[in-house]
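User: I am new to this structure and would like a close look at a single part of it. Please take the helix that the model labels as its second, along with what surrounds it, and go through it in one connected account.

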Amino acid sequence: MKNSLCDVNVVSSRLGLGAYLRNFRKKDVFNYIVFHNFNYKRHNSKIIEWYYFLLFLIIKLFKPKRTFIVVVSPYWVKYFNENKGIPLSSLKLFPNFIDVKKVVKM
């Protein structure tokens, strides 16, 4: 959170709320929160569960103009929009360029 001082911050999903709060009043700072995947079953604590609830709630209610969730497939765009109420304007698709078939064969 304390290092989110750049004009453009690209952070992992677990650092997104901190980056957003750190730059809440700054009008020239963009935050990109990267989700490679999302799985509630992997939440190993109530703190993480509440963290994601709060992150999604803030983005859903306030619709920040300079904070975006970056996902790797159209599936996640649809999922976050329909299941979490995240507006499409707050979602960015950056496709995964790795050929999954080659990785699976390894």
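Analyst: A pocket, as the word is used here, is an open set of grid points where a 1.4 Å probe fits, with protein on both sides within 12 Å along at least five of seven lines. Its volume is the space filled by probe spheres set on the points. The model is predicted, and every value below is computed from it.

In this model the second largest pocket has a volume of about 150 Å³. Its lining includes Phe62, Lys63, Pro64, Lys65, Arg66 and Thr67, and helix α2 covers residues 46-62. Also among the lining residues are Tyr20, Asn23, Phe24, Lys26, Val29 and Asn31. Sorted by class, the lining has five nonpolar, four charged and three polar residues.

One of the lining residues, Lys63, sits in the loop between α2 and β3, a strand of residues 67-71. Most residues other than glycine have a negative phi. Lys63 is not a glycine, yet its phi is positive, about 45 degrees. The side of the question that concerns solvent has a middling answer: Lys63 is partly exposed, at 46% relative accessibility.

Now to the helix itself, beginning with its charged residues. Side chains of opposite charge can pair when their charged atoms come close. A search of the whole structure finds one salt bridge, and it joins the side chains of Lys46 and Glu49, at 3.6 Å from N to O. That distance meets the cut-off, which is 4 Å. Both residues belong to helix α2, three residues apart, or about one turn of the helix. Lys46 counts as exposed, with 56% relative accessibility, while Glu49 counts as partly exposed, with 33%.

The aromatic residues of the helix come next. The ring-pairing rule asks for centres within 6.5 Å, and by this rule the structure has 13 aromatic pairs. One of them is Tyr52 with Phe56, whose ring centres are 6.1 Å apart and whose planes differ by 20 degrees. The pair counts as stacked because planes under 30 degrees apart are classed that way. Tyr52 and Phe56 are four residues apart in helix α2, which separates them by about one helical turn. Both are buried: Tyr52 has a relative accessible area of 5%, and Phe56 has a relative accessibility of 4%.

Tyr52 and Phe56 are also members of one aromatic cluster, together with Phe35, Tyr51, Tyr75, Trp76, Tyr79 and Phe80. Of these, Phe35 comes from the loop between α2 and β2, the strand of residues 30-34. Phe35 is buried, at 1% relative accessibility. Between Phe35 and Leu54 there are 16 Å from C-alpha to C-alpha, and the two are 19 residues apart in sequence.

The loop between β2 and α2 also holds Asn37. Asn37 is partly exposed, at 43% relative accessibility. Asn37 and Trp76 are 39 residues apart in sequence, but their C-alpha atoms are 7.7 Å apart in space. Trp76 is one of the residues in the aromatic cluster described above.

A last contact involves an aromatic ring outside the helix: Lys92 lies over the face of Phe68, at 4.7 Å from the ring centre.

Technical notes:
Residues numbered from 1 in each chain as written. Predicted model: local features only at pLDDT ≥ 70, side-chain atom pairs only at ≥ 80, totals over all residues. Heavy atoms only, no water. Phe/Tyr/Trp six-rings, centres within 6.5 Å; stacked < 30°, edge-to-face > 60°. Helix = DSSP H or I, 4+ residues; strand = E, 2+ residues; numbered from the N terminus. Buried < 20%, exposed > 50% of the residue type's maximum accessible area, 1.4 Å probe, protein only. Lys NZ or Arg CZ within 6 Å of the ring centre and 35° of its normal. 1 Å grid on protein atoms, 1.4 Å probe; cavity = no way out; pocket = protein on both sides within 12 Å on 5 of 7 lines; lining within 4 Å. Nonpolar A, V, L, I, M, F, W, Y, C, P; charged D, E, K, R; others polar.
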